[in-house]
Amino acid sequence: MATDRGGDVFGALASPVRRELTALLLDGPKPVNDLASHFAMSRPSVSEHLRVLRDAGLVSERRSGRQRLYRLEAGPLRELSEWLDPYERFWRERLSDLRELLDEDEEDDR
């Protein structure tokens with residue numbers, strides 16, 4: 001994963017609004033007006049969030065008549081998941097070690 005792309009993806013997903021937009025796009029492409037209807041903000045503000053997601057490669061945009069349809073792109077999320085995998089394994093091992101330690105303490109208390 002390219003470091004600059006990774007930073008873009010992390011930065012783009014740092015916003016709760018942008019995370020919600022990506023969740024809304026899980027069901028398939030949607031026009032910007034449909035997406036904007038889920039938020040208490042102006043359509044141009046939602047469009048700005050979508051631009052950040054697009055610049056990070058997380059969504060793509062295409063015109064369909066007068067509408068702009070946005071679609072979730074899996075590539076950057078896959079790259080992010082692959083990058084995070086070793087850290088997930090690290091924490092899973094640490095939690096397993098903690099569980100074993102707590103089980104030993106519980107047995108000692110009996």
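## Exercises on a predicted model

**Exercise 1.** In the antiparallel sense, β2 and β3 pair over six bridges; work out how the sheet of this predicted model is arranged around that pairing.

Solution. Begin with the connection, where β2 and β3 form a hairpin with two residues between them, and glycine 65 in the turn has a positive phi of about 65°. Within this pairing, arginine 62 stands opposite leucine 69 in β3. Next, turn to the other partner of β3, namely β1, which pairs with β3 in the antiparallel sense over two bridges, with lysine 30 standing opposite tyrosine 70 in β3. Putting these steps together gives an open sheet of three strands in the order β1-β3-β2, with antiparallel pairing. The edge strands are therefore β1 (30–31) and β2 (59–64), because each pairs on one side only and two strands count as paired if there are at least two bridges between them. Finally, α4 packs on this sheet, where the helix touches β2 and β3, and its direction makes about 120° with that of β2.

**Exercise 2.** Describe the largest nonpolar core and identify the elements that give two or more residues to it.

Solution. The core has 20 residues, and those with the most contacts inside it are Leu21, Leu35, Leu50, Leu53, Leu58 and Tyr70. Two or more residues come from each of α1 (3–13), α2 (16–24), α3 (32–36), α4 (43–55) and β3 (67–72). As background, nonpolar side chains in soluble globular proteins tend to be buried together. To follow one member outward, take leucine 21 and leave aside its neighbours within four places in sequence: its contacts are Leu35, Phe39, Val46, His49, Leu50 and Leu53.

**Exercise 3.** Is histidine 49 buried or exposed, and which residues does it contact?

Solution. Histidine 49 lies in helix α4. Its relative accessibility is 17%, so histidine 49 counts as buried, given that the cut-off for buried is under 20%. Once the neighbours within four places in sequence are set aside, histidine 49 is in contact with Ser15, Val17, Arg18, Leu21 and Met41.

**Exercise 4.** Compare the expected span of helix α5 with the distance between its end C-alpha atoms, and locate its bend.

Solution. Helix α5 covers residues 74–109, which is 36 residues, and at 1.5 Å a residue the helix should span 52 Å. The end C-alpha atoms are 49 Å apart, which agrees with that expectation. As for the bend, α5 turns by about 40° at leucine 84, and proline 86 follows within four residues.

Conventions:
Residues numbered from 1 in each chain as written. Predicted model: local features only at pLDDT ≥ 70, side-chain atom pairs only at ≥ 80, totals over all residues. Heavy atoms only, no water. Core = buried A, V, L, I, M, F, W, Y, C linked by side-chain atoms within 4.5 Å. Buried < 20%, exposed > 50% of the residue type's maximum accessible area, 1.4 Å probe, protein only. Contact = heavy atoms within 4.5 Å. Expected span 1.5 Å × (residues − 1). Bend = angle between axes of the 7 residues up to and from the residue. Axes fitted to C-alpha atoms, helices over the stretch in contact; angles between N-to-C directions.
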